[in-house]
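Visitor: I would like a close look at a single part of this model, set in its surroundings. Please take one chain and work through it with care, in one connected account.

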Amino acid sequence: MSNQALKEKITQLLTTATFDETGEWLNISIEATNWPAFANQLRHDENLLFDYLFCLTCIDNKTNLTMVYHLTSTKYRHNIVVRANVDSIKPEIETVSHIWKTAEFHEREVYEMFGVNFLNHPNLRLLILPDGWEGKNPLRKDFEDPINMIKL
Amino acid sequence: MFEEIGTTTEGDLIINVGPQHPATHGVLHLVITLNGETIKKLEPHLGYIHRSIEKMCESLTYRQFIYVTSRMDYLSAHINNQACALVVEKGLQIEVPDRAKVIRVLMAELTRIASHELWWGAMAMDIGAFTPFFHAFRERETINDIMEETCGARLTMNYMVPGGVMQELHPNFQKKVKEFIKLFRLKVHEYEELLTGNIIFKNRMKDVGVLSKEDAISYGCTGPVGRGSGVSCDIRKLYPYDAYDKVQFDEVIETAGDSLARYMVRIKELHQSISIIEQLIDNIPEGDYQAKTKAVLKLPKGEFYQRVETARGEFGVYIVSEGGTTPHRIKFRSPGFSNLSALDKMARGSKLGDLVAMMGTLDLVIPDIDR
């Protein structure tokens, strides 16, 4: 599907979505509360079939966090990027690990590196950081480690 | 750590494989719940070699950060560097000379051969066949020598720079590569005679660690793992970069989804890599090996993503730039991380002894998973 067709289709599914076409792929910004239902539609709608989540990550904008999901369809070969802002003090978003299994590990990584709480995640525990890790999340911009981080 | 394992019934045994274990080829730690010899649950614990490369890159410039990426998937160092060079070129809209594009593809395919050879030797050794290891390393050494002459390093080459490659090819390069390819064609057949048809080997691999096509897509498995399950996921074909649109090659796809299928994909990929190198080695265009770039690179405000095919699967670099000389956020989508997440699904219900075959054909490189 072309970007224009995707845009029309997605507007039908979620009227509040906003679009940005300046990047390589169609960027869709949504409200975090709409994400679980919207993700389900993206995965199962016959004309969309976004079955492969090839990148899941988070960006720290200092005032808030942005969850970024890169999706592609192995049948139609179209790509989209879904973005959802979450609060930086109490970040919460619904998990999508039941829709795309790969999200389970990627969400655990984001959970420990950014502190985003994925609601209803089946196994939200530390994956990379050592057991009993206390303190801030390493990939946040305000993270300080006086011993191991050298400022150039 | 053990309170996390969850409910266990009587008769269950919990064992740790790794972090120091010869079959995990690196510091991977698996906590396995066993019932008798059957795997009930498998949980990877990562982070023993985590260096937080993503955080490190936030304070490095767009020329510097490429060198760190060699240390992730060190067997695909060239291809990681290529991805980073490509993403910077995409952001700055640098036109790369044709000569550099062809050199990059040649180097990437030599790397792929070297990586698959190491996998072949190490995987066979895990299964219990010792000879292949020496055969594989003998030929891999030749590739390392070729790399050393041109790039100055044998493992972490750092040869790709934004705009092209770092320096001119060594005068011996073409001659040596042609000699190597001629010899290697014969050696691949020798490899196959040695292992592929072996009945003991086949019995250890067939129907072991089956991953269905739907699961492979859902778990984000790419590279030989995805293609062994019948998923068409070769980035070189789907989204060609550099000179891949100028060469003829087939995407190798097997549909069985077991360890033998993943093995066959890699062996057939060796033939495809040979064919790509043969097409290009006599047709390296004349011209500059590097485009002229500014001394200080500043990516415009925005987001850039580049996907490439490493020896292990789809590698992605995601850069969020705020217009400065360093990235605001950088994310490396490593193929090993997603491939490893499917191991639990593959292993459940099979015998502990088969786990080695599954891990061998997943071709895990731990620094790539941990980053």
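Guide: What follows is an account of chain B, from its overall build to its strands, and then to the contact with chain A.

The model is a predicted one, and the values below are computed from its atoms. Chain B contains 15 helices and eight strands, and its C-alpha trace extends over about 70 × 50 × 35 Å along the principal axes. Its radius of gyration is 21 Å, which agrees with the value near 21 Å that a compact globule of 371 residues would have. Of those 371 residues, 50% are buried. When contacts in chain B between residues at least 6 apart in sequence are considered, 70% of them join residues at least 24 apart.

The domain assignment divides chain B into domain 1, covering 1-49, and domain 2, covering 52-369. The centres of these two domains, taken over C-alpha atoms, are separated by 29 Å. Where they meet, 17 residues of domain 1 of chain B are in contact with 19 residues of domain 2 of chain B. On the side of domain 1 that touches domain 2, the largest share comes from S3(B), which supplies seven residues. By class, that side of domain 1 has nine nonpolar, four polar and four charged residues.

Strand S3 of chain B also takes part in an open sheet of three strands, whose order is S1-S2-S3 and whose pairing is antiparallel. Strand S1 (12-17) and strand S3 (38-45) of chain B stand at the edges, each with a single partner strand, so one side of each is left without a neighbour in the sheet. From one strand to the next, the twist averages 20 degrees. Strands of a sheet pair through backbone hydrogen bonds, in either a parallel or an antiparallel manner. In the case of S1(B) and strand S2 (residues 29-35) of chain B, six bridges join the two antiparallel strands, and B:Leu13 stands opposite B:Leu34 in S2(B). B:Gly11 is found in the segment before S1 of chain B, and it is exposed, with 8 other C-beta atoms within 10 Å. The C-alpha atoms of B:Gly11 and B:Asn35 are separated by 6.5 Å, although these residues are 24 residues apart along the chain.

A second pairing to examine is that of S6(B) and S7(B), which form a hairpin with two residues between them. Nine bridges join these antiparallel strands, and within the pairing B:Arg307 stands opposite B:Gly316 in S7(B). Strand S6 of chain B is mostly covered, since eight of its nine residues are buried.

Strand S7 of chain B also holds B:Ile319, a residue that is buried, with 23 other C-beta atoms within 10 Å. Leaving aside residues up to four places away in sequence, B:Ile319 touches B:Val87, B:Leu299, B:Glu303, B:Phe304, B:Pro327 and B:Ile330. With B:Val87, the separation is 232 residues in sequence, while the C-alpha to C-alpha distance is 7.9 Å.

These two strands lead on to the contact between the chains, which takes 29 residues from chain B and 27 residues from chain A. On the side of chain B that touches chain A, the elements giving two or more residues are helix H1 (53-57), helix H8 (213-218), strand S6 (302-310), strand S7 (313-321), strand S8 (329-333) and helix H12 (335-341) of chain B. Of these, S7(B) gives the most, with four residues. The residues on this side of chain B divide into ten nonpolar, ten polar and nine charged.

The partner, chain A, has three helices and seven strands, which follow the pattern α-β-β-α-β-β-β-β-α-β along the sequence. Its radius of gyration is 17 Å, close to the 15 Å that the globule rule gives for 152 residues, so chain A is as compact as a globular protein of that length. Its C-alpha atoms fill a box of roughly 50 × 35 × 25 Å along the principal axes. In chain A, buried residues make up 39% of the 152 residues, and among contacts with a separation of 6 or more, 46% are between residues 24 or more positions apart.

Methods: Residues are numbered from 1 along each chain as its sequence is written. Chains are lettered from A and ligands numbered from 1 in the order in which they are written. This is a predicted model: local features need pLDDT of at least 70, side-chain atom pairs count only at pLDDT 80 or more; totals for chains, interfaces and linings use all residues. The radius of gyration is taken over C-alpha atoms; the globule rule is 2.2 Å times the number of residues to the power 0.38. A residue is buried if 20 or more other C-beta atoms lie within 10 Å of its own, exposed if 12 or fewer, and partly exposed in between; C-beta atoms are placed from the backbone. Two residues are in contact if their C-beta atoms, placed from the backbone, lie within 7 Å. Ala, Val, Leu, Ile, Met, Phe, Trp, Tyr, Cys and Pro count as nonpolar, Asp, Glu, Lys and Arg as charged, and the others, Gly among them, as polar. Two strands pair if DSSP finds at least two bridges between them. Axes are lines fitted to C-alpha atoms, for helices over the stretch in contact, and angles run from 0 to 180 degrees between N-to-C directions. Domain bounds come from an automatic or database domain assignment.
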